[in-house]
Amino acid sequence: MSEKPPQSIASNRPLRAILLGYGERPDILAEAERQRAALIEPLVEVVAVDFTGTVDVSTVEADIAIVFGGDGSILRAAHQMGRRQLPTIAVNLGKLGFLADLDPDELVPVLREYQAGRLPCIEHLMFECRVVRDGEVCYQQLGLNEVAVQAGPPFRIMGIDLYVDSELVTTYSCDGLIVSTPVGSTAHSLSAGGPILRKDLQAFVILPISPHTLTNRPVVDSADRVYELVVADPNAATSVVVDGHILCTLQPGDRVRVEKAAARFTLVDAPSHSYYRTLREKLGWGGRLKLNGNEDS
């Protein structure tokens, strides 16, 4: 199941919370400190704080993570929690905020509703990316958004073989190939022309970047399958990129294996924040087109 129903969190102790976010923006730090001093600490016990995005919090005994920032902060927090994902409340202090869509003044009411056991949690697909070289796993990374094989210098078109459950699907002639989760479908994949998937679907999007053949189109397939990307003749700097960070450069014959992870990113489902409302507001789906200040009829 991708949705966990509300559960009673009755206890003699307050919720134990980890505060996370993007500390290079002074406004985020200021808002997080204001919320902590005035609003959060009367309700929860803050057991860890990190605004560097580098501290491993997977061993911290906590009940919930509160993340301040945008979707980039969410990605960092998911990586910091590793294979021990906590229910997460995401406060949007960024720009788009597909995941972090909670306004700061909504945090306390949502915390109270969650502590009372009245809010469900939505589980989101995560993946394991492994690079297999000469039969051995040499690199491995847990991710939330996407795996991308990118050409790198000297930026010539390359051939990428795609295998699904060990069956050859096709060889793409392209600048790169993206394997995206539904959460990642509104990130790099969307910019490259991919579809938008509902965030709690159990599926992957496979999308070539600038394919040489116009018949190549995005493919959506089950998350229960194993996807492998093989570049027979990589460029000198052809790289595997996981959630925006380079995992490694590829050698001829390396197999980039992507499959569903056991861990799930878990987001507290705030009231009144529906899927289509988020898309409508974040992507500017305004209904009627306005020309010169007048509605086009």
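## Strands 11 and 12

Strand 11 (residues 176-180) and strand 12 (residues 203-209) run antiparallel, and five bridges hold the two together. One of the pairings is easy to pick out: S180 has V205 of strand 12 as its bridge partner. Keep in mind that this is a predicted model.

## The sheet around them

Zoom out and these strands turn up in an open sheet of six, in the order 13-12-11-8-15-16, with antiparallel pairing. Strand 13 (219-222) and strand 16 (245-249) sit at the edges. Each has a single partner strand, so one side of each goes without a neighbour in the sheet. Going from one strand to the next, the twist averages 20°.

## Rings and a charge

How many aromatic pairs does a search of the whole structure find? It comes up with one. The two rings belong to F204 and Y227, with centres 5.5 Å apart. Their planes stand at 75°, over the 60 degrees that edge-to-face asks for, so that is what this pair is called. F204 is in strand 12 and Y227 in strand 14 (residues 227-231), so to speak a link between distant parts of the chain, 23 residues apart.

Are these two residues buried or exposed? F204 is buried, as its relative accessible area is 0%. Y227 also comes out at 0%, and is buried too.

Another ring has a charged residue for company: R255 lies over the face of Y163, 4.7 Å from the ring centre.

## The largest pocket

The largest pocket holds about 580 Å³ of space. It has 25 lining residues, and the closest to its centre are D71, G72, L75, N145 and D243.

Which elements give two or more residues to this lining? They are helix 2 (71-81) and strand 16. Helix 2 gives the most, with six residues. Strand 16 is already familiar from the sheet, where it stands at an edge.

## A cavity as well

Looking through the whole structure for cavities of 30 Å³ or more turns up one. The largest cavity has about 70 Å³ of space. What lines it? The residues are F98, P182, V183, T186, L197, K199, Y275, T278 and L279.

Definitions and conventions:
Residues numbered from 1 in each chain as written. Predicted model: local features only at pLDDT ≥ 70, side-chain atom pairs only at ≥ 80, totals over all residues. Heavy atoms only, no water. Pairing = 2+ DSSP bridges. Helix = DSSP H or I, 4+ residues; strand = E, 2+ residues; numbered from the N terminus. Axes fitted to C-alpha atoms, helices over the stretch in contact; angles between N-to-C directions. Phe/Tyr/Trp six-rings, centres within 6.5 Å; stacked < 30°, edge-to-face > 60°. Buried < 20%, exposed > 50% of the residue type's maximum accessible area, 1.4 Å probe, protein only. Lys NZ or Arg CZ within 6 Å of the ring centre and 35° of its normal. 1 Å grid on protein atoms, 1.4 Å probe; cavity = no way out; pocket = protein on both sides within 12 Å on 5 of 7 lines; lining within 4 Å. Points joined across faces, edges and corners; volume = space filled by probe spheres on them.
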